[in-house]
Amino acid sequence: MEEKKSMAEREKLITSEHIAQAADEIISPDYKARKEDDTDTKIFVYWKGKYIGARNLRREACKYANNGYYPSTKEMNGKGGEDKLTNFFDKYEDSKKYFEEASKILGFDMEKMCFEENEDLNNTQYTQAAMFTVCAAILQQIEKTGVKPDVCAGLSLGEYAALYSCGTITFEDAVYLLRKRGMFMDEEVPDGKGTMAAVLGMDADKIDDICKNTEGEVAVANYNCPGQIVITGETDAVERASKTLAENGAKRVLPLKVSGPFHSAMLKGAGDKLEKELKNVEFKELKMPYVANCNASYIYDNSQIKELL
């Protein structure tokens, strides 16, 4: 009989290669919408014909790749992401040039920022440029396989990655703009004055109505998918709205670990500053269209990009 392994021993068995293998071989989940008892439509995730939920799907994939052992909660929550990133760039040495270039442009060690655990990465003035750098490095490896997009899209700072993929902006300009964008956003609202929360299992109109009737600055930020909507605004107002939402039927209201009230009117001043920076950047002809965040439209003309950003 096989000896039962400890949680730590089971964690050590899980590697990025195991997860990649599972992702290649696991049966794709079906996302089905259905109504129950005349309630609002909800999204359910099925795997092998059985409802398991999105979180459990990931857990089953880890188990499948890990010889029958489930990962720990620590692994499920994303701890150890730095190790997985390190594994990727150890395999693709040429991708490290993006980190070196970003470090020269921005004046801090981007490789250390991304590969070593640190609190700065939670601050948007660093997060945005770091995430874009990683995206650009991974994109290079995807392009080497011959894969080319027909259209690009990205949410928030991801829109800059989409534009980079479309060939309309250089890596240097994009990483610089995102560093400035993050700094402007961080400066606009002092630490602790603004935040965000995810609302699960409630109709969008009801969430919007509760936000509008809550004292202070709070509003819907992102319509992620049916059943998951993010609110943003002043910390006190978001907390008040969260309490009301929970009391009025929201399945869960989860505070997000962010450094500001992103996608809120509180950041209008940051947008005005970014507009001035955009005047100094050249956007070249688009190699393929992209979908703009603000109007969800396909954009073919590079002359529209600055205003849309």
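Axes are lines fitted to C-alpha atoms, for helices over the stretch in contact, and the angles between N-to-C directions run from 0 to 180 degrees. The exercises below apply this to a predicted model.

**Exercise 1. Describe the overall make-up of the protein in terms of secondary structure, burial, contacts and surface.**

Solution.
Step 1. The secondary structure consists of 14 helices and 10 strands.
Step 2. The protein has 309 residues, and 42% of them count as buried.
Step 3. Take the contacts between residues at least 6 apart in sequence: 63% of these join residues at least 24 apart.
Step 4. The exposed surface of the protein is about 18,000 Å², with 49% supplied by carbon and sulfur atoms.

**Exercise 2. Determine how helix H10 is oriented relative to helix H13, and state which residues make the contact.**

Solution.
Step 1. Two packed helices are described by the angle between their axes and the distance between the axes.
Step 2. Helix H10 covers residues 171-188 and helix H13 covers residues 268-278; their axes come within 8 Å and cross at roughly 155°.
Step 3. Angles over 145 degrees count as roughly antiparallel, and H10 and H13 are therefore roughly antiparallel to each other.
Step 4. The crossing of H10 and H13 is right-handed.
Step 5. From H10, the contact involves Tyr176, Leu177, Lys180, Arg181, Phe184, Met185, Glu187 and Glu188. From H13, the partners are Gly269, Ala270, Lys273, Leu274, Glu277 and Leu278.
Step 6. By class, the residues of the contact between H10 and H13 are seven nonpolar, one polar and six charged.

**Exercise 3. Carry out the corresponding analysis for helix H8 and H10.**

Solution.
Step 1. Helix H8 spans residues 124-144, and its axis comes within 7 Å of that of H10, with a crossing at roughly 155°.
Step 2. That angle makes H8 roughly antiparallel to H10.
Step 3. The crossing of H8 and H10 is right-handed.
Step 4. H8 contributes Thr124, Gln125, Tyr126, Gln128, Ala129, Phe132, Thr133 and Ala136 to the contact. H10 contributes Phe171, Ala174, Val175, Leu178, Arg179, Arg181, Gly182, Met183, Met185 and Asp186.
Step 5. The contact of H8 with H10 contains 10 nonpolar, five polar and three charged residues.
Step 6. Arg181 and Met185 of H10 appear in the contact with H8, and Arg181 and Met185 also appear in the contact with H13.

**Exercise 4. Establish where His263 lies, whether it is buried, partly exposed or exposed, and which residues it touches.**

Solution.
Step 1. His263 sits in the loop between strand E8 (252-255) and H13.
Step 2. The relative accessible area of His263 is 37%, so the residue is partly exposed.
Step 3. The backbone of His263 has a phi near 60°, which is a positive value in a residue other than glycine.
Step 4. Not counting residues up to four places away in sequence, His263 touches Ser156, Met196, Ala221, Asn222 and Thr232.
Step 5. One of these partners, Ala221, is 42 residues from His263 in sequence, and the C-alpha to C-alpha separation is 5.4 Å.

**Exercise 5. Characterise Ala296 by its phi angle, its place and its exposure.**

Solution.
Step 1. Phi of Ala296 is positive, at about 55°, although the residue is not a glycine.
Step 2. Ala296 belongs to the loop between strand E9 (290-291) and strand E10 (298-299).
Step 3. Exposed means over 50% relative accessible area; Ala296 has 60%, so it is exposed.

**Exercise 6. Place Ser242 and Thr235 in the secondary structure, and give the burial and contacts of each.**

Solution.
Step 1. Ser242 is located in helix H12 (residues 235-247), and Thr235 is found in helix H12 as well.
Step 2. Buried means under 20% relative accessible area. Ser242 has 14% and is therefore buried; Thr235 has 16% and is therefore buried.
Step 3. Leaving aside neighbours within four places in sequence, Ser242 is in contact with Ala197, Ile231 and Val253.
Step 4. Not counting residues up to four places away in sequence, Thr235 touches Gly192, Lys193, Gly194 and Thr195.

**Exercise 7. Describe the setting of Cys211 and its relation to Ser242.**

Solution.
Step 1. Cys211 is part of helix H11 (residues 204-212).
Step 2. With a relative accessible area of 2%, Cys211 is buried.
Step 3. Not counting residues up to four places away in sequence, Cys211 touches Val218, Ala219 and Ile231.
Step 4. Ile231 is also in contact with Ser242.
Step 5. Cys211 and Ser242 are 31 residues apart along the chain, and their C-alpha atoms are separated by 9.0 Å.

Key. Residues are numbered from 1 along each chain as its sequence is written. This is a predicted model: local features need pLDDT of at least 70, side-chain atom pairs count only at pLDDT 80 or more; totals for chains, interfaces and linings use all residues. Side-chain values use heavy atoms; hydrogens and water are left out. Helices (H or I, at least four residues) and strands (E, at least two) are DSSP runs, numbered from the N terminus. Buried means under 20% relative accessible area, exposed over 50%, partly exposed in between (1.4 Å probe, protein chains only). Contact means heavy atoms within 4.5 Å. Accessible areas come from the Shrake-Rupley method with a 1.4 Å probe; for residues, only the protein chains shown count as cover. Angles under 35 degrees count as roughly parallel, over 145 as roughly antiparallel, 65 to 115 as roughly perpendicular and the rest as oblique. A crossing is left-handed if the near helix is turned anticlockwise from the far one by less than a right angle, and right-handed if clockwise. Ala, Val, Leu, Ile, Met, Phe, Trp, Tyr, Cys and Pro count as nonpolar, Asp, Glu, Lys and Arg as charged, and the others, Gly among them, as polar.
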